[in-house]
Amino acid sequence: ATPVVVAIDGPSGTGKSSTSKAVAARMGLRYLDTGAQYRAITWWMLHAGIDVEDAAAVAAAADKPSIVSGTDPLAPTITVDGTDVAAPIRGQQVTGAVSAVSAVPEVRTRITELQRSIAAEAAEGIVVEGRDIGTTVLPDADLKIFLTASPEVRAARRSAELTGRSGGPAAAGADVVATREALLRRDAADSGRKTSPLAKAADATEVDTSELTLEQVIECVVTLIEERG
Ligand code: C5P
C-alpha cells in the first residue's frame, strides 16, 4: 500500500496532539508535531536574545538554528542545535512568544520546508498536526481533519493539562478564565496573520470534539483513514 499522509489541523485545546499521536501509534504511522517546531525556533530566538516582536530581526535569524524532530508517536523528540528542548518549549515564555515568531514569513518558509522533507521521508506514512498542514504544508494529503471544540471546553482541557489534573470540563476557577483568555488571544493571532493562517481546508473533514471523549475522537479519525477514497 502507498503510505498514507494525514493532516490534522485546529486550534489549541481540541485534542490535536493526543489524537494525532494515538492514531499514528495505532496505525503504524510516523508523527510530526509542527507546533513543537515553531515553539523550538521561538525558544532559540528568546535564548539568543532576539526581540521576538522585531519581525526583521526574527526573519534574519530564521535559518540559524538547527531543528530536529523525532517522529516516533510513542516518544516524539525535539532538539535545537543538539539541545533537548521538549520541556522548555511548553513554558509560558515560549507560549506567549510563539504566535509572533510563527507569523514571520521567513520562519514559516523555513519550517514548512523542514515539514515537507520529514513527510516525504516517512516511507510508512505520517500524521502531521498543526494549523496550516491541510491548507499550505501538505495540500495533497490523503486525509485532512479539522478539529474544533467550544472555547469553554478548550480552556478547561488546557487548564487541566497545565495543572496536571486528569482532563474534562470539571476544572474550574480563575486559572480557567486566564487560560481561556490566553488561548483565545493566541487563536486570534494565529487566525488573523497574513501568511498561512489557521484555517480549515476546503476538503477537510471537520470534527467537533466538544462532546466527545479522546477515545471517540481517535476512533473517528481511524475510521476516516480506513474508509478514505
Ligand atoms: O500546537 P501548538 O499549540 O504547540 O502550537 C504553538 C504555536 O505554533 C501556535 O499557536 C501557532 O502560532 C504556531 N503554529 C503554526 N503553524 C503550525 C503549528 C503551530 O503557526 N502548523
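Leaving aside neighbours within four places in sequence, which residues is Met27 in contact with? Let's find out, and then try some more exercises on this predicted model.

**Exercise 1. Place Met27 in the fold and name its contacts.**

Step 1: Find the element. Met27 belongs to helix H1, residues 16-27.

Step 2: Look for partners, setting aside residues within four places in sequence. Met27 is in contact with Val222 and Ile225.

Step 3: Decide how covered the residue is. A residue is buried with 20 or more other C-beta atoms within 10 Å and exposed with 12 or fewer. Met27 has 17 of them, so Met27 is partly exposed.

Step 4: Try a distance. Met27 and Gly125 lie 98 residues apart in sequence, and their C-alpha atoms are 9.3 Å apart in space.

**Exercise 2. Check the span of helix H2, then list its buried residues.**

Step 1: Work out what to expect. H2 has 14 residues, which should span 20 Å at 1.5 Å a residue.

Step 2: Compare with the model. The end C-alpha atoms of H2 are 20 Å apart, which agrees with the expected span.

Step 3: Ask how covered the helix is. Of the 14 residues in H2, 11 are buried, so the helix is mostly covered.

Step 4: Name them. The buried residues are Thr34, Ala36, Gln37, Tyr38, Arg39, Ala40, Ile41, Thr42, Trp43, Trp44 and Met45.

Step 5: Look just past the end of the helix. There, Gly49 has a positive phi of about 75°.

**Exercise 3. Describe how helices H2 and H4 pack.**

Step 1: Recall what is needed. Two packed helices are described by the angle between their axes and the distance between those axes.

Step 2: Read off both values. H2 (residues 34-47) and H4 (residues 92-102) pack at about 100°, and their axes are 8 Å apart.

Step 3: Put the angle into words. An angle from 65 to 115 degrees counts as roughly perpendicular, and H2 is therefore roughly perpendicular to H4.

Step 4: List who makes the contact. H2 brings Tyr38, Arg39, Ile41, Thr42, Trp43, Met45 and Leu46, while H4 brings Gln93, Val94, Ala97, Val98, Val101 and Ser102.

Step 5: Sort these residues by class. The contact has 9 nonpolar, 3 polar and 1 charged residues.

Step 6: Zoom in on one residue of H4, Val98. Val98 is buried, because 24 other C-beta atoms lie within 10 Å. Beyond residues up to four places away in sequence, Val98 touches Tyr38, Arg39 and Thr42.

**Exercise 4. Find out where the buried residues of helix H5 sit around its axis.**

Step 1: Check the span. H5 covers residues 105-121, and these 17 residues should span 24 Å. The end C-alpha atoms of H5 are 24 Å apart, which agrees.

Step 2: Collect the buried residues. They are Val107, Arg108, Ile111, Thr112, Gln115 and Ala119.

Step 3: Look down the axis. The buried residues of H5 fall within an arc of 120°, so they line one face of the helix.

Step 4: Recall the geometry. An α-helix has 3.6 residues a turn, so residues three or four places apart point the same way.

Step 5: Turn to the face away from the buried side. The exposed residues there are Glu113, Ser117, Ala120 and Glu121.

**Exercise 5. Compare the settings of Asp81 and Ser196, starting from phi.**

Step 1: Read the angles. Asp81 has a positive phi of about 50° although it is not a glycine. Ser196, also a residue other than glycine, has a positive phi near 35°.

Step 2: Locate both. Asp81 lies in the loop between strands S4 (77-80) and S5 (83-84). Ser196 lies in the loop between helix H8 (174-192) and strand S8 (205-208).

Step 3: Count neighbours inside 10 Å. Asp81 has 13 C-beta neighbours, so it counts as partly exposed. Ser196 has 20, so it counts as buried.

Step 4: Add another residue from the loop between H8 and S8, Lys194. Lys194 has 7 other C-beta atoms within 10 Å and is therefore exposed.

Terms used
Residues are numbered from 1 along each chain as its sequence is written. This is a predicted model: local features need pLDDT of at least 70, side-chain atom pairs count only at pLDDT 80 or more; totals for chains, interfaces and linings use all residues. Helices (H or I, at least four residues) and strands (E, at least two) are DSSP runs, numbered from the N terminus. The expected span of a helix is 1.5 Å times one less than its number of residues. The arc is that of the directions from the helix axis to the C-beta atoms. Axes are lines fitted to C-alpha atoms, for helices over the stretch in contact, and angles run from 0 to 180 degrees between N-to-C directions. Angles under 35 degrees count as roughly parallel, over 145 as roughly antiparallel, 65 to 115 as roughly perpendicular and the rest as oblique. Two residues are in contact if their C-beta atoms, placed from the backbone, lie within 7 Å. Ala, Val, Leu, Ile, Met, Phe, Trp, Tyr, Cys and Pro count as nonpolar, Asp, Glu, Lys and Arg as charged, and the others, Gly among them, as polar.
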